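Open the model in your viewer and keep the sequence panel beside it. This tour goes stop by stop, telling you what to select and what is there.

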Amino acid sequence: MSAPTGRAGRRPTIKAVAAAAGVSTAAVSQAFNQKGRLSEATRRRILDAALELGWSPSAPAAALRNARTRSLALVVRRPTDVLGSDPHFSELITGIEGELAPRGYGLLLHLVTGPPEEHALYERLAAEGRVDGAVLTDAREDDTRPALLARLGLPAVLLGSPDGTAVVPRIGLGDQGAGVTEAVRHLLELGHRRIAYVAGPPELQHTRVRRAAFENALREAGLRPFAVLHTDFSERRAVGATEALLDAAERPTALVYANDSMAVCGIGTAQRAGLRVPRDVSVLGYDNLPLGSWLHPRLTTVDQQVQRVGAAAARMLLALCGEDVEEPTLTGRPRLVVRESTGPAPG
């Protein structure tokens, strides 16, 4: 007897089953593979819909889904121009690949622009069985991705500070606030009192932590922030923020940036305005990327060992995928690296 077909003689599809059951295609796969965290009621609804439509997964397709892909996903929610100008992710990928390549794993990189696209991508990756797990970057306030991947049954590791939830394992980035606090205290010791902060997107967890540390360190010294400007990490926004600060009637004597790429833009913008770094204005970054040591003047920055973060995340995710790997070494406290881009406040 031939296999049942849907309307108009067409063979039913997994999408039709998902639509009939009111679930995602990934949930349909989980129902048949006995994976994920579906409730019994949801699983029963999916199976009933499949039975009514006459659909069942083919044996070859099921075998492919259950096979290990030896691939892990890294999904980055940044515009391409921002990613292209920020070496942070190349350092992170280097750390991840250093752990994956010797074990025969590959890294699947995807760029997305917003939450709907990112969520749809994870559902597609899970439904098609294209990866064994995922590294989540840029922990956000009220982040919905960990719960989504847990529901999809896709192993994941989130890069970010603990926030009281344990939906997926996390790799701590060290005490982000401590790095900024040390940076501000360094500038205070140099006599700076007008200190501005060029921050990242406000929805990111580390942006909130670092801004709070910046403001608290100044408050402890009896000062208020000269200014705090949020950007999207792009060169254009970094230059615009720097120009706005330096064009003010009273300009800051020190600029702290949320990453090294923006700090590099800050130095260039100050120099084009005829200011000398650090004599007229001090500049301080965050990440300690290699390019900072090749500038003139060399960049004072906070080192958070980005490659080490990537390596730790890869090892933790490999362990979740069933690989025999050593326990990842979590990163320690970010530390200040003092170079020539910071100096005494101008008299």
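Contact, on this tour, means heavy atoms within 4.5 Å. Keep in mind that the model is predicted.

**Stop 1: Thr242**

Select Thr242, in helix α11, residues 235-246. What does Thr242 touch, beyond residues up to four places away in sequence? The answer is Leu255, Tyr257, Gly266 and Thr269. Now show the side chains of Thr242 and Tyr257: a polar contact of 2.7 Å joins them. Thr242 has a relative accessible area of 0%, so it counts as buried.

**Stop 2: strand β8**

Two of those contacts, Leu255 and Tyr257, lead to the next selection. Pick residues 254-257, which form strand β8. Are its residues buried or exposed? Both faces are covered. Ala254 and Val256 are buried on one side, and Leu255 and Tyr257 are buried on the other.

**Stop 3: the strands beside β8**

Add strand β6, residues 195-199. It runs parallel to β8, and 4 bridges join the two. Look for Tyr197, which stands opposite Val256.

Next add strand β9, residues 282-284. This strand is also parallel to β8, with 3 bridges between them. Here Leu255 stands opposite Val283.

Now bring in helix α12, residues 260-272. Follow the chain through β8, α12 and β9: together they make a right-handed β-α-β unit.

**Stop 4: Leu299**

Select Leu299, in the loop between β9 and β10, the latter being 301-303. Leu299 counts as buried because its relative accessibility is 0%, and the cut-off is under 20%. Show what surrounds Leu299, leaving aside neighbours within four places in sequence. Its contacts include Val283 and Leu284, along with Asp260, Ala263 and Ile267. Val337, Arg339 and Ser341 are also among them. Then draw a distance from Leu299 to Asn288, C-alpha to C-alpha. The two lie 8.4 Å apart in space and 11 residues apart in sequence.

**Stop 5: Glu118 and Arg77**

Turn to the charged side chains. Side chains of opposite charge can pair when their charged atoms come close. How many salt bridges does the structure hold? There are 15.

Start with Glu118 and Arg77, whose side chains meet in a salt bridge of 2.8 Å, N to O. Glu118 is in helix α7, residues 115-128, and Arg77 is in strand β1, residues 71-77, so the pair ties together parts 41 residues apart in sequence. Glu118 has 0% relative accessibility and counts as buried. Arg77, at 17%, counts as buried too.

Extend the selection to Asp143 and Arg145. With Arg77 and Glu118, they are linked in a network of salt bridges.

**Stop 6: two further pairs**

Go to Glu123 and Arg151. Their closest N and O atoms are 3.3 Å apart in a salt bridge. This pair links distant parts of the chain: Glu123 belongs to helix α7 and Arg151 to helix α8, residues 145-152, 28 residues apart. Glu123 is partly exposed at 24% relative accessibility. Arg151 is partly exposed as well, at 36%.

Finish with Glu99 and Arg103. Their side chains meet in a salt bridge of 3.2 Å, N to O. Which of the two is buried, and which is partly exposed? Glu99 is buried, with a relative accessible area of 15%. Arg103, at 27% relative accessibility, counts as partly exposed.

Note on methods: Residues numbered from 1 in each chain as written. Predicted model: local features only at pLDDT ≥ 70, side-chain atom pairs only at ≥ 80, totals over all residues. Heavy atoms only, no water. Buried < 20%, exposed > 50% of the residue type's maximum accessible area, 1.4 Å probe, protein only. Pairing = 2+ DSSP bridges. Right-handed = clockwise from strand over helix to strand, strands pointing away. Salt bridge = Lys/Arg side-chain N within 4 Å of Asp/Glu carboxyl O. Polar contact = N/O pair within 3.5 Å; in protein donor to acceptor, adjacent residues only side chain to side chain.
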